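Subject: Structure for you to look at

Hello,

Here is the structure I said I would pass on. My notes on it follow below.

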Amino acid sequence: MGNKTKKLVLIDGNSIAYRAFFALPLLNNDKGIYTNAVYGFTQMLLKILEDEKPTHMLVAFDAGKTTFRHKTFVEYKGGRQKTPPELSEQFPFIRQLLDAFKIKRYELENYEADDIIGTLASQAAEGEWDVKVFTGDKDLLQLVTPDVEVVLTRKGITEVEAYTVEQVNERYGITPEQIIDMKGLMGDPSDNIPGVPGVGEKTAIKLIKQYGSVENVLEAIGEISGAKLKERLSENKEQALMSKDLATITKEAPIDLGIDDTTYEGFETASVFPLFKELGFQSLLDRLGGDEAALPDTEKEELSFQRVSIIEPNMLKNPSSLVIETLTEDYHKADIHGVALSNESGTYYVPYDIAKESETFKNWLQDKDQKKIMFDAKRAHVALKGQGLDLNGIEFDLQLASYLLNPSESLDEIADIAKQYGTLTVDSNEKVYGKGAKKKLPEDDVLAEHLSRKAYTTFTLKDVMAEKLQENEQSNLFYDLELPLSLVLAKMEETGVKVKVDTLKKMGTDLEGQLTTLEKEIHELAGVTFNINSPKQLGEILFEKLSLPAVKKTKTGYSTSVDVLEKLEGKHEIINKILIYRQLGKLRSTYIEGLLKVVHEDTDKIHTRFNQVLAQTGRLSSIDPNLQNIPIRLEAGRKIRHAFVASNPEWKILAADYSQIELRVLAHISQDDNLMEAFQKEMDVHTKTAMDVFHVDEQEVTSEMRRHAKAVNFGIVYGISDYGLSQSLGITRKEAGEFIKTYLESFPGVQQYMKDSITEAKQNGYVSTLLHRRRYLPEINSRNFNLRSFAERTAMNTPIQGTAADIIKKAMVDMDQRLIEEKLEAKMLLTVHDELIFEAPEQEIAKLKKLVCEVMEQAVQLDVPLKVDVSWGDSWFEAK
DNA sequence: TCTCACACGC
DNA sequence: GACGTACGTGTGAGAT
């Protein structure tokens, strides 16, 4: 092999598709079509094209249910499991894919892929050809010759093992031609080939090595040792011969194409990319350099729109879609670069300078009876507010709708939604504006068209999405919860939180001093100056220079995380100082410097942004800055909260948090008697858990028992694994596993709920919360243990955490309403998952306290009471 | 500009 | 029996 001019690659299509299907988790693309086999197949193809650079190529498929072999033996391939429908449905795409790659494919009635491959390989194997056969089926090893290599998939899809004549011999001790003799004797359960009973691989190989073929073995039965073996061979002569026959790949399949018809001349990305896009193979697109710019400029559908310089009332129909374009990621005080809207009268682009001066437009904008359909209305609301404009009458938000329909999609611009629903093409913002430092406004006519396309698409997609929400029984969740919430959040973001810059700066200076001292001490103890913030350098100092025992490693070196350092405490003075240095360093960089960076100079306020369409569980997240992770656990960090104050010196900060909301939700959903009792009797839930798990009375619960119980409750709420629990309790995984088992036995209702959740996920493909929020878990049926386990824990955990999110969101919407009704000046400022933060004049505090408790506790009705703790003070620190 | 390790909250 | 194990955001280091 080697220097021959022609290289033929033959692929066993069915075998590779099966391999890919079972090697990869069940991926779907955005249309819900399974794509894992197609994906794996494509990876394999690309690898083959790259590694082999074939001049000729063909992919063979099995055709039909029966083959000529069934005439010999009707039970051939009997008892085989039916091809899973998830795989069958992918074959058409594999064919499409091959066509796009311009690779010949072939199938023939009554013959298997093997036979097509065997026939072509035999045509080729005469000196000038270099042939490679790719398959997952060891049977094909019989085709190996000095000119033909058979490449078997090993594990996964891209890991392969090539067999030459020598390697077959090395592995089996026989020649490739003798593979069929071996099969004749040992049979092949996967194809239901019987062989000789009692003869397995070992015996078969021994006999073939000795006698050369099945025929010779049968002739020599007399001299074979072992009475039982002798008997079996003579009783099954016919069957052995038939088995050999069945295992033999024909080299004379009546194919109507010759080897010269398989020439391969490469493929054009232009024909492959669209299919990759359709299938959602972003990583492969990237790998082939298939970013949007490289794509052929496909003809975009025409859209007629008007560029208007005067806004006429007849352009502002009810309803209309509305696009308010901002380019900066942070929309607080963002410039607006253009306005577009679309309705039954047409699609219009309005330069912002014109829009902002138009009374007609501004009146329409703030008219709550004029309905607007938008994408990310919160962004527009805040941006407009920054320009002194009011936006009301938001009837629909495509971004929120798409999040509710499937939170994992993360469709963050209209173009994504357009792509998903296959409407009018909208270019991605990145394509139109560029990214990073190069991001800029395009020519005016490009902007006009881009925004018009967005507006038109938004208008047309509203009904489609609304209908889907209806189908999913998510209309209430959308119209009564998320949509109103987005405007509540907009208000909170606009309001912002006042911080005392001086307090932060003072703390910063203090930290600075302590850090300098610590740094000096650490360097002295180490005997060398180094960067303590560099895990790499720190690891070298601790584990090499100071020879402390390294307990854990990371991909890149020694781990120096807290749990590692804590184990080393007492072994060296330096450890404790490093721990304190880390703690204080974190405070300085993230919380002092980080927060100071985002304080608005003129107002001393911080305006975060809540992301309403990100967390898979339905929770909110907070960025720029993240105000949901301000320190509280350790005193040093907690002091940061002194800097968060009310915007008016006369006002106070009030914080209200749900007590054990997740466990209360769990009690309600699972209807577990023990757990419900804990809350109905207002017991300490961790103590109650310890009582039930350890079978002791309340007085007998030790702090150790309570700590364990608390960790398990924590695990239940966050869906951690036995491993996670073992880590948090410092026990072994096995102990943790048993502990979880005991817990579940003590709370049979919870155990039943866990089981039901998994079943539900398997049946529906998703789990849901009290208010019908969904999370799809396609990996729940994965054959990959990790993926499946993760999906199972998610199935158990998401309804709990998601329902808790539903509840606090409902409380926020209600609270916003009640503050208006009760004519309170108090303002809602922040939400931290199970907590709401307000600012209010001191004289309102009593009323607010009562109101917040009432609203939060009554947000939904569960079979256990919801409990809220409220506290208030001059700062967030005092409100604890 | 990206990835990694780490650390903060719930 | 191994797999790598709640979610989110932000930081500095170090490689590109």
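**DNA strand C**

DNA strand C has 27 residues around it, and those that come nearest are Asn531, Ser534, Asp624, Tyr723 and Phe785. Of the atoms of DNA strand C that come within 4 Å of the protein, 64% belong to sugar and phosphate. Please keep in mind that this is a predicted model.

Polar contacts to DNA strand C involve its phosphate, sugar and base atoms in the following examples. A side-chain N or O atom of Ser621 lies 3.0 Å from a phosphate oxygen of DNA strand C. Asn626 has a polar side-chain atom 2.9 Å from a sugar or linking oxygen of the strand. For Arg733, an N or O atom of the side chain is 3.0 Å from a base oxygen of DNA strand C. Three elements give two or more residues to the surface near this strand: α26 (573–598), β18 (621–623) and α35 (785–821). By class, the residues of that surface are eight nonpolar, 15 polar and four charged.

**DNA strand B**

Around DNA strand B there are 24 residues, of which Thr560, Arg582, Asn629, Ile632 and Arg633 come nearest. Sugar or phosphate supplies 83% of the atoms of DNA strand B within 4 Å of the protein, and bases supply the rest.

Thr560 places a backbone N or O atom 2.6 Å from a phosphate oxygen of DNA strand B. Two side chains reach bases of DNA strand B: a polar atom of Asn629 is 2.8 Å from a base oxygen, and an N or O atom of Tyr718 is 3.4 Å from a base nitrogen. Helix α26 contributes four residues to the surface near DNA strand B, the largest share. The residues of this surface divide into nine nonpolar, nine polar and six charged.

**Helix pairs**

Two packed helices are described by the angle between their axes and the distance between the axes. Two such pairs are worth listing.

How do α32 and α33 pack? Helix α32 (residues 722–729) meets helix α33 (residues 733–746) at an angle of about 110°, and their axes are 8 Å apart. The angle makes α32 roughly perpendicular to α33. On the α32 side, the residues in contact are Asp722, Tyr723, Leu725, Ser726 and Leu729. On the α33 side they are Arg733, Ala736, Gly737, Phe739 and Ile740. This contact of α32 with α33 consists of six nonpolar, two polar and two charged residues. Two of these residues also appear in the account of DNA strand C above: Tyr723 is among the residues that come nearest to the strand, and Arg733 has the side-chain atom 3.0 Å from a base oxygen.

The other pair is helix α21 (residues 444–471) and helix α22 (residues 475–495), whose axes come within 7 Å and cross at roughly 110°. These two helices are therefore roughly perpendicular to each other. From α21, the contact takes in Lys462, Ala466, Leu469 and Gln470, and from α22, Ser475, Phe478 and Tyr479. Four nonpolar, two polar and one charged residues make up this contact of α21 with α22.

**Sheets**

An open sheet of six strands runs in the order β3-β2-β1-β4-β5-β6, and its pairing is mixed. At its edges are β3 (104–107) and β6 (160–163), each pairing on one side only. On average, neighbouring strands of this sheet are turned by 20° against each other, direction ignored. Within the sheet, strand β1 (residues 6–12) and strand β2 (residues 56–61) run parallel and are joined by five bridges. One of the bridge partners is Leu8, which is matched with His56 in β2.

Helices pack on this sheet as well. Helix α5 (residues 91–100) touches β2 and β3, and its direction makes about 165° with that of β2. Helix α6 (residues 113–124) lies across β1, β2, β3, β4 (129–135) and β5 (148–153), running at about 170° to β1.

There is also an open sheet of three strands, in the order β16-β13-β19, with antiparallel pairing. Its edge strands, β16 (605–606) and β19 (644–645), each have a single partner strand, so one side of each is left without a neighbour in the sheet. Strand β13 (residues 497–499) pairs with β19 over two bridges in the antiparallel sense. Here Val499 stands opposite Phe644 in β19.

Regards

Technical notes. Residues numbered from 1 in each chain as written. Chains lettered and ligands numbered in written order. Predicted model: local features only at pLDDT ≥ 70, side-chain atom pairs only at ≥ 80, totals over all residues. Heavy atoms only, no water. Pairing = 2+ DSSP bridges. Near = heavy atom within 4 Å. Polar contact = N/O pair within 3.5 Å; in protein donor to acceptor, adjacent residues only side chain to side chain. Nonpolar A, V, L, I, M, F, W, Y, C, P; charged D, E, K, R; others polar. Axes fitted to C-alpha atoms, helices over the stretch in contact; angles between N-to-C directions. Parallel < 35°, antiparallel > 145°, perpendicular 65-115°, else oblique. Contact = heavy atoms within 4.5 Å.
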